[in-house]
Amino acid sequence: MGDGLEEERRRWLVTKVGVKVSNDLTVKLVHTQAEGENKLKLYSYWRSSCSFRIRISLNLKGLEYQYIPVNLLKGEQFSPEFQKLNPIGYVPVLVDGDMIISDSFAIFMYLEEKYPQHPLLPSDLAKKALNFQAANIVSSSIQPLQNLAVLKYIEEKVSPDEKIPWTRFHIEKGFEALEKLLKDHAGKYATGDEVSMADLFLAPQILAGIERFNVDMAKFPLLSRLNEAYSELPEFQNAKPENQPDAPSA
Amino acid sequence: MAAIIVEPPKLALYSYWQSSCSWRVRFALNLKGISYEYKAVNLSKGEQFTPEFEKLNPLHFVPVLVDGDVVVSDSYAILLYLEEKYPQRALLPADPQLKALNLQVASIVTSSIQPLHMLSNLKYLEQKVGPQESLLFAQTNVEKGFNALEKLLKDINGKYATGDEVYMADVFMAPQIAAAMQRFKIDMSKYPRLCRIFESLKALPEFLDASPERQLDAVH
(Lines give C-alpha, C1' and ligand atoms only; values in the text may rest on other atoms or scores of the structure.)
Protein backbone atom coordinates (compact mmCIF):
# COMPACT_ATOMS: atom_id res chain seq x y z
CA MET A 1 0.00 0.00 0.00
CA GLY A 2 1.30 3.45 -0.96
CA ASP A 3 0.99 5.13 2.39
CA GLY A 4 1.32 2.02 4.54
CA LEU A 5 -1.17 0.65 7.06
CA GLU A 6 -0.36 1.92 10.50
CA GLU A 7 -1.46 0.30 13.65
CA GLU A 8 -4.22 2.74 14.34
CA ARG A 9 -7.10 2.84 11.94
CA ARG A 10 -6.00 5.41 9.45
CA ARG A 11 -7.85 4.62 6.39
CA TRP A 12 -10.28 2.04 5.29
CA LEU A 13 -12.10 1.42 2.12
CA VAL A 14 -15.67 0.52 1.75
CA THR A 15 -17.70 -0.36 -1.23
CA LYS A 16 -20.50 2.00 -0.55
CA VAL A 17 -20.46 5.74 -0.02
CA GLY A 18 -22.68 7.78 2.12
CA VAL A 19 -21.41 7.09 5.63
CA LYS A 20 -20.77 9.88 8.07
CA VAL A 21 -17.22 10.24 9.30
CA SER A 22 -16.86 11.09 12.95
CA ASN A 23 -14.53 13.91 13.86
CA ASP A 24 -12.09 12.02 16.03
CA LEU A 25 -11.06 9.56 13.36
CA THR A 26 -8.51 10.39 10.76
CA VAL A 27 -10.26 8.08 8.39
CA LYS A 28 -10.88 8.82 4.80
CA LEU A 29 -13.58 6.87 3.06
CA VAL A 30 -13.06 6.08 -0.55
CA HIS A 31 -15.70 4.64 -2.80
CA THR A 32 -14.18 2.02 -4.99
CA GLN A 33 -15.39 -0.31 -7.67
CA ALA A 34 -11.97 -1.88 -8.01
CA GLU A 35 -11.96 -5.56 -8.88
CA GLY A 36 -8.33 -6.46 -8.45
CA GLU A 37 -7.32 -10.07 -8.50
CA ASN A 38 -6.02 -9.97 -4.94
CA LYS A 39 -9.06 -8.36 -3.51
CA LEU A 40 -10.99 -10.14 -0.80
CA LYS A 41 -14.47 -11.23 -1.74
CA LEU A 42 -17.26 -11.60 0.75
CA TYR A 43 -20.40 -13.51 -0.17
CA SER A 44 -23.00 -11.96 2.05
CA TYR A 45 -26.68 -11.31 2.53
CA TRP A 46 -27.63 -7.87 3.83
CA ARG A 47 -29.72 -9.19 6.70
CA SER A 48 -27.52 -12.11 7.72
CA SER A 49 -26.18 -11.46 11.19
CA CYS A 50 -23.37 -13.95 10.53
CA SER A 51 -22.30 -11.85 7.54
CA PHE A 52 -22.64 -8.67 9.62
CA ARG A 53 -20.03 -10.02 12.09
CA ILE A 54 -17.46 -10.39 9.33
CA ARG A 55 -18.29 -7.06 7.69
CA ILE A 56 -17.42 -5.42 11.03
CA SER A 57 -14.15 -7.35 11.24
CA LEU A 58 -13.14 -6.36 7.71
CA ASN A 59 -13.96 -2.73 8.43
CA LEU A 60 -12.00 -2.67 11.69
CA LYS A 61 -8.96 -4.23 10.02
CA GLY A 62 -9.15 -1.75 7.15
CA LEU A 63 -9.57 -4.51 4.59
CA GLU A 64 -11.01 -3.69 1.22
CA TYR A 65 -13.38 -6.30 -0.14
CA GLN A 66 -15.76 -6.97 -2.96
CA TYR A 67 -19.31 -7.47 -1.72
CA ILE A 68 -21.06 -10.30 -3.55
CA PRO A 69 -24.70 -10.58 -2.57
CA VAL A 70 -26.41 -13.95 -2.16
CA ASN A 71 -30.17 -13.53 -1.99
CA LEU A 72 -31.28 -16.09 0.58
CA LEU A 73 -34.98 -15.37 0.06
CA LYS A 74 -34.63 -16.17 -3.63
CA GLY A 75 -32.69 -19.36 -2.88
CA GLU A 76 -29.45 -18.19 -4.47
CA GLN A 77 -27.57 -20.18 -1.84
CA PHE A 78 -28.72 -23.34 -3.62
CA SER A 79 -27.19 -22.44 -6.95
CA PRO A 80 -24.52 -24.94 -8.11
CA GLU A 81 -21.89 -22.18 -8.05
CA PHE A 82 -22.59 -21.24 -4.48
CA GLN A 83 -22.90 -24.84 -3.33
CA LYS A 84 -19.35 -25.37 -4.55
CA LEU A 85 -18.22 -22.56 -2.29
CA ASN A 86 -20.26 -23.70 0.69
CA PRO A 87 -22.28 -26.93 0.54
CA ILE A 88 -24.33 -26.05 3.60
CA GLY A 89 -25.64 -23.02 1.70
CA TYR A 90 -24.95 -20.45 4.40
CA VAL A 91 -23.38 -17.03 4.16
CA PRO A 92 -20.88 -15.57 4.78
CA VAL A 93 -18.15 -17.05 2.62
CA LEU A 94 -14.79 -15.33 2.29
CA VAL A 95 -12.58 -15.80 -0.74
CA ASP A 96 -8.97 -14.68 -0.38
CA GLY A 97 -7.03 -15.69 -3.49
CA ASP A 98 -7.05 -19.49 -3.40
CA MET A 99 -8.58 -19.70 0.06
CA ILE A 100 -12.30 -20.25 0.39
CA ILE A 101 -13.55 -20.04 3.94
CA SER A 102 -17.07 -20.46 5.23
CA ASP A 103 -18.58 -19.99 8.65
CA SER A 104 -18.21 -16.73 10.51
CA PHE A 105 -16.15 -18.25 13.32
CA ALA A 106 -13.67 -19.83 10.91
CA ILE A 107 -13.51 -16.65 8.81
CA PHE A 108 -12.98 -14.52 11.91
CA MET A 109 -10.07 -16.70 13.08
CA TYR A 110 -8.55 -16.72 9.59
CA LEU A 111 -8.69 -12.92 9.33
CA GLU A 112 -7.26 -12.58 12.81
CA GLU A 113 -4.27 -14.68 11.86
CA LYS A 114 -3.69 -13.47 8.31
CA TYR A 115 -4.33 -9.76 8.96
CA PRO A 116 -3.12 -9.07 12.49
CA GLN A 117 -3.66 -5.29 12.32
CA HIS A 118 -6.24 -4.10 14.83
CA PRO A 119 -6.26 -7.38 16.75
CA LEU A 120 -9.69 -8.50 17.82
CA LEU A 121 -8.67 -11.08 20.41
CA PRO A 122 -6.97 -10.15 23.69
CA SER A 123 -3.60 -11.78 24.27
CA ASP A 124 -4.57 -12.78 27.80
CA LEU A 125 -5.80 -16.36 27.50
CA ALA A 126 -8.58 -16.14 30.08
CA LYS A 127 -9.97 -13.02 28.37
CA LYS A 128 -9.58 -14.68 25.00
CA ALA A 129 -11.58 -17.69 26.24
CA LEU A 130 -14.25 -15.29 27.51
CA ASN A 131 -14.55 -13.90 23.98
CA PHE A 132 -14.92 -17.40 22.54
CA GLN A 133 -17.65 -18.18 25.07
CA ALA A 134 -19.61 -15.01 24.41
CA ALA A 135 -19.30 -15.54 20.64
CA ASN A 136 -20.56 -19.10 20.97
CA ILE A 137 -23.52 -18.15 23.14
CA VAL A 138 -24.59 -16.09 20.15
CA SER A 139 -23.57 -18.49 17.38
CA SER A 140 -24.74 -21.75 18.96
CA SER A 141 -27.43 -20.89 21.45
CA ILE A 142 -29.23 -17.96 19.87
CA GLN A 143 -28.68 -17.41 16.16
CA PRO A 144 -29.31 -20.99 14.91
CA LEU A 145 -32.70 -20.94 16.57
CA GLN A 146 -33.80 -17.81 14.76
CA ASN A 147 -32.51 -18.47 11.27
CA LEU A 148 -34.84 -18.49 8.28
CA ALA A 149 -35.13 -22.27 7.96
CA VAL A 150 -36.06 -22.82 11.60
CA LEU A 151 -38.51 -19.94 11.64
CA LYS A 152 -40.18 -21.30 8.53
CA TYR A 153 -40.49 -24.69 10.22
CA ILE A 154 -42.03 -23.21 13.37
CA GLU A 155 -44.42 -21.15 11.27
CA GLU A 156 -45.54 -24.11 9.19
CA LYS A 157 -45.54 -26.95 11.67
CA VAL A 158 -46.37 -25.27 14.95
CA SER A 159 -48.11 -21.99 14.16
CA PRO A 160 -47.27 -18.53 12.77
CA ASP A 161 -48.07 -17.19 16.25
CA GLU A 162 -45.31 -19.29 17.80
CA LYS A 163 -42.50 -17.74 15.78
CA ILE A 164 -42.01 -14.66 17.88
CA PRO A 165 -42.42 -16.34 21.31
CA TRP A 166 -39.96 -19.08 20.25
CA THR A 167 -37.29 -16.64 19.12
CA ARG A 168 -37.82 -14.30 22.05
CA PHE A 169 -37.42 -17.21 24.44
CA HIS A 170 -34.07 -18.20 22.99
CA ILE A 171 -32.78 -14.67 22.59
CA GLU A 172 -33.73 -13.76 26.14
CA LYS A 173 -32.19 -16.93 27.55
CA GLY A 174 -28.97 -16.15 25.71
CA PHE A 175 -29.05 -12.47 26.66
CA GLU A 176 -29.54 -13.33 30.34
CA ALA A 177 -26.54 -15.63 30.17
CA LEU A 178 -24.46 -12.96 28.42
CA GLU A 179 -25.36 -10.37 31.06
CA LYS A 180 -24.14 -12.72 33.77
CA LEU A 181 -21.06 -13.89 31.87
CA LEU A 182 -19.83 -10.41 31.03
CA LYS A 183 -20.89 -8.29 33.96
CA ASP A 184 -17.61 -8.59 35.89
CA HIS A 185 -15.47 -8.21 32.79
CA ALA A 186 -17.04 -5.60 30.54
CA GLY A 187 -15.45 -2.19 30.16
CA LYS A 188 -16.32 0.24 27.42
CA TYR A 189 -16.96 -2.86 25.33
CA ALA A 190 -17.93 -6.45 26.06
CA THR A 191 -14.73 -7.80 27.60
CA GLY A 192 -12.74 -4.64 28.27
CA ASP A 193 -12.00 -1.24 26.84
CA GLU A 194 -11.10 -2.43 23.36
CA VAL A 195 -13.45 -3.82 20.75
CA SER A 196 -12.99 -7.57 20.46
CA MET A 197 -14.55 -10.71 19.01
CA ALA A 198 -17.40 -10.77 21.52
CA ASP A 199 -18.55 -7.33 20.33
CA LEU A 200 -18.58 -8.46 16.70
CA PHE A 201 -20.90 -11.33 17.57
CA LEU A 202 -23.02 -9.36 20.02
CA ALA A 203 -23.73 -6.27 17.93
CA PRO A 204 -25.69 -8.00 15.13
CA GLN A 205 -27.54 -10.21 17.61
CA ILE A 206 -28.61 -7.31 19.79
CA LEU A 207 -29.84 -5.37 16.77
CA ALA A 208 -31.76 -8.38 15.49
CA GLY A 209 -33.32 -8.81 18.91
CA ILE A 210 -34.42 -5.19 19.00
CA GLU A 211 -35.41 -4.60 15.39
CA ARG A 212 -36.83 -7.95 14.36
CA PHE A 213 -38.03 -9.69 17.48
CA ASN A 214 -39.06 -6.86 19.82
CA VAL A 215 -36.95 -8.01 22.73
CA ASP A 216 -37.43 -5.88 25.84
CA MET A 217 -33.91 -4.55 26.31
CA ALA A 218 -34.75 -2.98 29.69
CA LYS A 219 -34.00 -6.41 31.15
CA PHE A 220 -30.46 -6.30 29.72
CA PRO A 221 -28.68 -3.16 30.92
CA LEU A 222 -25.17 -4.22 29.91
CA LEU A 223 -26.19 -5.27 26.43
CA SER A 224 -28.17 -2.04 26.07
CA ARG A 225 -25.11 -0.02 27.02
CA LEU A 226 -22.95 -1.99 24.59
CA ASN A 227 -25.49 -1.41 21.84
CA GLU A 228 -25.17 2.32 22.45
CA ALA A 229 -21.40 2.07 22.26
CA TYR A 230 -21.59 0.19 18.96
CA SER A 231 -23.89 2.85 17.50
CA GLU A 232 -20.99 5.29 17.76
CA LEU A 233 -18.53 3.26 15.75
CA PRO A 234 -18.58 3.81 11.98
CA GLU A 235 -17.10 0.37 11.38
CA PHE A 236 -20.16 -1.18 13.04
CA GLN A 237 -22.63 1.23 11.48
CA ASN A 238 -21.27 0.74 8.03
CA ALA A 239 -21.66 -3.01 8.38
CA LYS A 240 -25.35 -2.76 9.28
CA PRO A 241 -27.86 -4.54 7.04
CA GLU A 242 -29.53 -1.41 5.74
CA ASN A 243 -26.17 -0.04 4.58
CA GLN A 244 -25.33 -3.00 2.35
CA PRO A 245 -25.50 -2.90 -1.46
CA ASP A 246 -28.22 -5.58 -1.54
CA ALA A 247 -30.44 -3.96 1.07
CA PRO A 248 -33.85 -3.08 -0.39
CA SER A 249 -34.03 0.65 -0.97
CA ALA A 250 -36.12 2.50 1.61
CA MET B 1 14.16 -44.70 47.16
CA ALA B 2 12.58 -41.63 45.66
CA ALA B 3 9.01 -41.00 46.62
CA ILE B 4 6.59 -40.89 43.75
CA ILE B 5 4.40 -37.89 44.16
CA VAL B 6 1.13 -38.13 42.38
CA GLU B 7 -0.37 -34.74 41.90
CA PRO B 8 -4.10 -34.48 41.77
CA PRO B 9 -5.34 -33.32 38.39
CA LYS B 10 -5.40 -29.55 38.15
CA LEU B 11 -8.24 -29.51 35.73
CA ALA B 12 -11.84 -30.25 36.52
CA LEU B 13 -14.47 -30.99 33.91
CA TYR B 14 -18.14 -30.60 34.68
CA SER B 15 -19.80 -33.17 32.47
CA TYR B 16 -22.82 -35.38 31.96
CA TRP B 17 -22.23 -38.87 30.65
CA GLN B 18 -24.70 -38.67 27.77
CA SER B 19 -23.88 -35.13 26.69
CA SER B 20 -22.26 -35.21 23.25
CA CYS B 21 -20.77 -31.77 23.92
CA SER B 22 -19.05 -33.16 27.03
CA TRP B 23 -17.90 -36.17 25.00
CA ARG B 24 -16.05 -33.83 22.64
CA VAL B 25 -14.03 -32.32 25.48
CA ARG B 26 -13.37 -35.68 27.16
CA PHE B 27 -12.05 -36.94 23.82
CA ALA B 28 -9.82 -33.86 23.39
CA LEU B 29 -8.43 -34.12 26.93
CA ASN B 30 -7.61 -37.77 26.33
CA LEU B 31 -5.85 -36.97 23.04
CA LYS B 32 -3.75 -34.33 24.75
CA GLY B 33 -2.98 -36.69 27.63
CA ILE B 34 -4.42 -34.30 30.18
CA SER B 35 -5.82 -35.80 33.35
CA TYR B 36 -8.82 -34.19 34.93
CA GLU B 37 -11.26 -34.54 37.76
CA TYR B 38 -14.67 -35.61 36.50
CA LYS B 39 -17.47 -33.64 38.10
CA ALA B 40 -20.83 -35.09 37.23
CA VAL B 41 -23.76 -32.77 36.66
CA ASN B 42 -26.96 -34.77 36.54
CA LEU B 43 -28.98 -33.04 33.85
CA SER B 44 -31.95 -35.35 34.30
CA LYS B 45 -32.20 -34.20 37.92
CA GLY B 46 -31.80 -30.53 37.05
CA GLU B 47 -28.41 -30.11 38.72
CA GLN B 48 -27.47 -27.63 36.01
CA PHE B 49 -29.89 -25.15 37.61
CA THR B 50 -28.23 -25.00 41.04
CA PRO B 51 -26.83 -21.57 42.01
CA GLU B 52 -23.33 -23.11 42.23
CA PHE B 53 -23.48 -24.39 38.69
CA GLU B 54 -25.04 -21.21 37.40
CA LYS B 55 -21.93 -19.36 38.62
CA LEU B 56 -19.88 -21.65 36.42
CA ASN B 57 -22.17 -21.40 33.39
CA PRO B 58 -25.11 -19.01 33.29
CA LEU B 59 -26.47 -20.91 30.30
CA HIS B 60 -26.76 -24.05 32.48
CA PHE B 61 -25.00 -26.24 29.95
CA VAL B 62 -22.24 -28.78 30.29
CA PRO B 63 -19.35 -29.08 29.69
CA VAL B 64 -17.51 -26.53 31.81
CA LEU B 65 -13.75 -26.65 32.29
CA VAL B 66 -12.14 -25.27 35.43
CA ASP B 67 -8.39 -24.74 35.20
CA GLY B 68 -7.18 -23.02 38.35
CA ASP B 69 -8.85 -19.62 38.29
CA VAL B 70 -10.04 -19.93 34.73
CA VAL B 71 -13.57 -21.15 34.07
CA VAL B 72 -14.46 -21.90 30.44
CA SER B 73 -17.84 -23.09 29.28
CA ASP B 74 -18.87 -24.18 25.80
CA SER B 75 -17.03 -27.02 24.10
CA TYR B 76 -15.81 -24.86 21.20
CA ALA B 77 -14.33 -22.26 23.54
CA ILE B 78 -12.87 -25.03 25.72
CA LEU B 79 -11.18 -26.65 22.70
CA LEU B 80 -9.58 -23.39 21.59
CA TYR B 81 -8.48 -22.68 25.16
CA LEU B 82 -6.94 -26.15 25.52
CA GLU B 83 -5.24 -25.78 22.16
CA GLU B 84 -3.43 -22.68 23.31
CA LYS B 85 -2.72 -23.61 26.92
CA TYR B 86 -1.72 -27.24 26.25
CA PRO B 87 -0.28 -27.28 22.74
CA GLN B 88 0.84 -30.92 22.84
CA ARG B 89 -0.91 -33.14 20.35
CA ALA B 90 -2.22 -30.22 18.32
CA LEU B 91 -5.90 -30.36 17.46
CA LEU B 92 -5.69 -27.71 14.76
CA PRO B 93 -3.43 -28.15 11.73
CA ALA B 94 -0.93 -25.43 10.85
CA ASP B 95 -2.10 -25.15 7.24
CA PRO B 96 -4.56 -22.20 7.12
CA GLN B 97 -7.05 -23.82 4.71
CA LEU B 98 -7.17 -27.04 6.74
CA LYS B 99 -7.34 -25.11 9.99
CA ALA B 100 -10.29 -23.11 8.65
CA LEU B 101 -11.93 -26.34 7.49
CA ASN B 102 -11.62 -27.82 10.98
CA LEU B 103 -13.13 -24.71 12.54
CA GLN B 104 -15.93 -24.80 9.99
CA VAL B 105 -16.74 -28.47 10.54
CA ALA B 106 -16.78 -27.94 14.30
CA SER B 107 -19.10 -24.96 13.80
CA ILE B 108 -21.45 -26.95 11.63
CA VAL B 109 -21.75 -29.54 14.39
CA THR B 110 -21.98 -27.11 17.26
CA SER B 111 -24.23 -24.50 15.65
CA SER B 112 -26.12 -26.13 12.79
CA ILE B 113 -26.74 -29.61 14.14
CA GLN B 114 -26.52 -30.09 17.89
CA PRO B 115 -28.62 -27.12 19.09
CA LEU B 116 -31.45 -28.26 16.89
CA HIS B 117 -31.66 -31.66 18.53
CA MET B 118 -31.00 -30.58 22.09
CA LEU B 119 -33.32 -32.29 24.50
CA SER B 120 -34.94 -29.08 25.71
CA ASN B 121 -35.81 -28.00 22.16
CA LEU B 122 -37.13 -31.42 21.22
CA LYS B 123 -39.27 -31.50 24.37
CA TYR B 124 -40.81 -28.17 23.38
CA LEU B 125 -41.65 -29.46 19.92
CA GLU B 126 -43.01 -32.67 21.37
CA GLN B 127 -45.41 -30.65 23.48
CA LYS B 128 -46.48 -28.47 20.59
CA VAL B 129 -46.58 -30.91 17.70
CA GLY B 130 -46.07 -34.39 19.10
CA PRO B 131 -43.17 -36.86 19.36
CA GLN B 132 -43.22 -37.92 15.68
CA GLU B 133 -42.76 -34.37 14.44
CA SER B 134 -40.16 -33.74 17.08
CA LEU B 135 -38.10 -36.74 15.97
CA LEU B 136 -38.53 -35.73 12.35
CA PHE B 137 -37.25 -32.24 13.13
CA ALA B 138 -34.15 -33.71 14.78
CA GLN B 139 -33.55 -36.10 11.89
CA THR B 140 -34.06 -33.44 9.24
CA ASN B 141 -31.50 -31.15 10.81
CA VAL B 142 -28.98 -33.90 11.45
CA GLU B 143 -29.30 -35.03 7.84
CA LYS B 144 -28.98 -31.50 6.53
CA GLY B 145 -25.77 -31.09 8.52
CA PHE B 146 -24.44 -34.50 7.53
CA ASN B 147 -25.16 -33.79 3.84
CA ALA B 148 -23.08 -30.66 4.14
CA LEU B 149 -20.26 -32.42 5.97
CA GLU B 150 -20.24 -35.24 3.43
CA LYS B 151 -19.87 -32.74 0.58
CA LEU B 152 -17.23 -30.73 2.42
CA LEU B 153 -15.09 -33.72 3.28
CA LYS B 154 -15.62 -36.23 0.48
CA ASP B 155 -12.66 -35.19 -1.62
CA ILE B 156 -10.19 -35.17 1.22
CA ASN B 157 -7.90 -38.15 1.41
CA GLY B 158 -7.08 -39.53 4.78
CA LYS B 159 -8.13 -41.76 7.58
CA TYR B 160 -9.77 -38.92 9.43
CA ALA B 161 -11.86 -35.91 8.53
CA THR B 162 -9.15 -33.59 7.25
CA GLY B 163 -6.21 -35.94 6.73
CA ASP B 164 -4.28 -38.62 8.54
CA GLU B 165 -4.29 -36.93 11.91
CA VAL B 166 -7.14 -36.50 14.35
CA TYR B 167 -8.09 -32.85 14.61
CA MET B 168 -10.87 -30.65 15.95
CA ALA B 169 -13.24 -31.66 13.15
CA ASP B 170 -12.97 -35.29 14.25
CA VAL B 171 -13.37 -34.39 17.92
CA PHE B 172 -16.69 -32.71 17.12
CA MET B 173 -17.93 -35.15 14.52
CA ALA B 174 -17.38 -38.44 16.31
CA PRO B 175 -19.79 -37.89 19.23
CA GLN B 176 -22.28 -36.31 16.83
CA ILE B 177 -22.25 -39.34 14.54
CA ALA B 178 -22.60 -41.69 17.51
CA ALA B 179 -25.59 -39.69 18.80
CA ALA B 180 -27.13 -39.59 15.33
CA MET B 181 -27.00 -43.35 15.06
CA GLN B 182 -28.10 -44.22 18.58
CA ARG B 183 -30.69 -41.57 19.28
CA PHE B 184 -32.05 -40.55 15.92
CA LYS B 185 -31.63 -43.73 13.90
CA ILE B 186 -29.99 -41.90 11.02
CA ASP B 187 -29.23 -44.08 8.03
CA MET B 188 -25.50 -43.52 7.79
CA SER B 189 -25.17 -45.43 4.52
CA LYS B 190 -26.06 -42.14 2.81
CA TYR B 191 -22.79 -40.68 4.11
CA PRO B 192 -19.97 -43.00 3.07
CA ARG B 193 -17.17 -40.57 3.83
CA LEU B 194 -18.56 -39.86 7.30
CA CYS B 195 -18.89 -43.61 7.86
CA ARG B 196 -15.26 -44.23 7.00
CA ILE B 197 -14.13 -41.39 9.25
CA PHE B 198 -16.24 -42.72 12.09
CA GLU B 199 -14.88 -46.25 11.64
CA SER B 200 -11.36 -44.90 12.14
CA LEU B 201 -12.30 -42.74 15.10
CA LYS B 202 -14.32 -45.27 17.03
CA ALA B 203 -11.29 -47.55 17.18
CA LEU B 204 -9.28 -44.99 19.13
CA PRO B 205 -8.90 -45.66 22.87
CA GLU B 206 -9.08 -41.91 23.51
CA PHE B 207 -12.53 -41.85 21.92
CA LEU B 208 -13.73 -45.02 23.62
CA ASP B 209 -12.56 -43.91 27.04
CA ALA B 210 -14.50 -40.70 26.54
CA SER B 211 -17.71 -42.48 25.56
CA PRO B 212 -20.82 -42.12 27.71
CA GLU B 213 -20.95 -45.68 29.04
CA ARG B 214 -17.45 -45.39 30.48
CA GLN B 215 -18.08 -42.26 32.52
CA LEU B 216 -18.40 -42.18 36.29
CA ASP B 217 -22.00 -41.09 36.15
CA ALA B 218 -23.14 -43.56 33.50
CA VAL B 219 -26.35 -45.35 34.30
CA HIS B 220 -26.47 -48.88 32.96
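Begin by selecting residues 49-60 of chain A, which form helix H1, and colour them by burial: in this predicted model, H1(A) is mostly covered, with 12 of its 12 residues buried. The buried set runs from A:Ser49 to A:Leu60, and it includes A:Arg53, A:Arg55 and A:Asn59 alongside A:Phe52, A:Ile54 and A:Leu58. If you then place a distance between the end C-alpha atoms of H1(A), you should find 17 Å, which agrees with the 16 Å that 12 residues should span at 1.5 Å a residue. Moving just past the end of H1(A), select A:Gly62, whose phi is positive, at about 65°.

Now widen the view to the whole of chain A, whose secondary structure comes to 9 helices and 6 strands. Of its 250 residues, 58% are buried, and among the contacts between residues at least 6 apart in sequence, 65% join residues at least 24 apart.

Next, show both chains and select the boundary between them, where 39 residues of chain B are in contact with 43 residues of chain A. The two chains bury about 3,600 Å² between them, and 63% of that area lies on carbon and sulfur atoms. On the chain B side, highlight B:Pro58, B:Leu59 and B:Gln97, which together supply 15% of the area that chain B buries against chain A, more than any other three residues.

Stay with chain B and select helix H6 (residues 131-153) together with helix H8 (residues 192-202), which pack at an angle of about 80° with their axes 8 Å apart. Angles of 65 to 115 degrees count as roughly perpendicular, and H6(B) and H8(B) are therefore described in that way. To see where they meet, display B:Phe146, B:Leu149, B:Glu150 and B:Leu153 from H6(B), and B:Pro192, B:Arg193, B:Leu194 and B:Ile197 from H8(B); by class, this contact has 6 nonpolar, no polar and 2 charged residues.

Finally, keep H8(B) on screen and add helix H7 (residues 168-184) of chain B, which packs with H8(B) at an angle of about 105°, their axes being 10 Å apart. H7(B) is thus also roughly perpendicular to H8(B). From H7(B), the contact draws on B:Asp170, B:Met173, B:Ala174, B:Ile177, B:Ala178 and B:Met181, while H8(B) brings B:Leu194, B:Ile197, B:Phe198 and B:Leu201. By class, the residues of the contact of H7(B) with H8(B) divide into 9 nonpolar, no polar and 1 charged. Before leaving, centre on B:Leu194 and B:Ile197, which take part in the contact of H8(B) with H6(B) and also in the contact of H8(B) with H7(B).

Key
Residues numbered from 1 in each chain as written. Chains lettered and ligands numbered in written order. Predicted model: local features only at pLDDT ≥ 70, side-chain atom pairs only at ≥ 80, totals over all residues. Heavy atoms only, no water. Helix = DSSP H or I, 4+ residues; strand = E, 2+ residues; numbered from the N terminus. Expected span 1.5 Å × (residues − 1). Buried < 20%, exposed > 50% of the residue type's maximum accessible area, 1.4 Å probe, protein only. Axes fitted to C-alpha atoms, helices over the stretch in contact; angles between N-to-C directions. Parallel < 35°, antiparallel > 145°, perpendicular 65-115°, else oblique. Contact = heavy atoms within 4.5 Å. Nonpolar A, V, L, I, M, F, W, Y, C, P; charged D, E, K, R; others polar. Buried area = accessible area lost by both parts, 1.4 Å probe.
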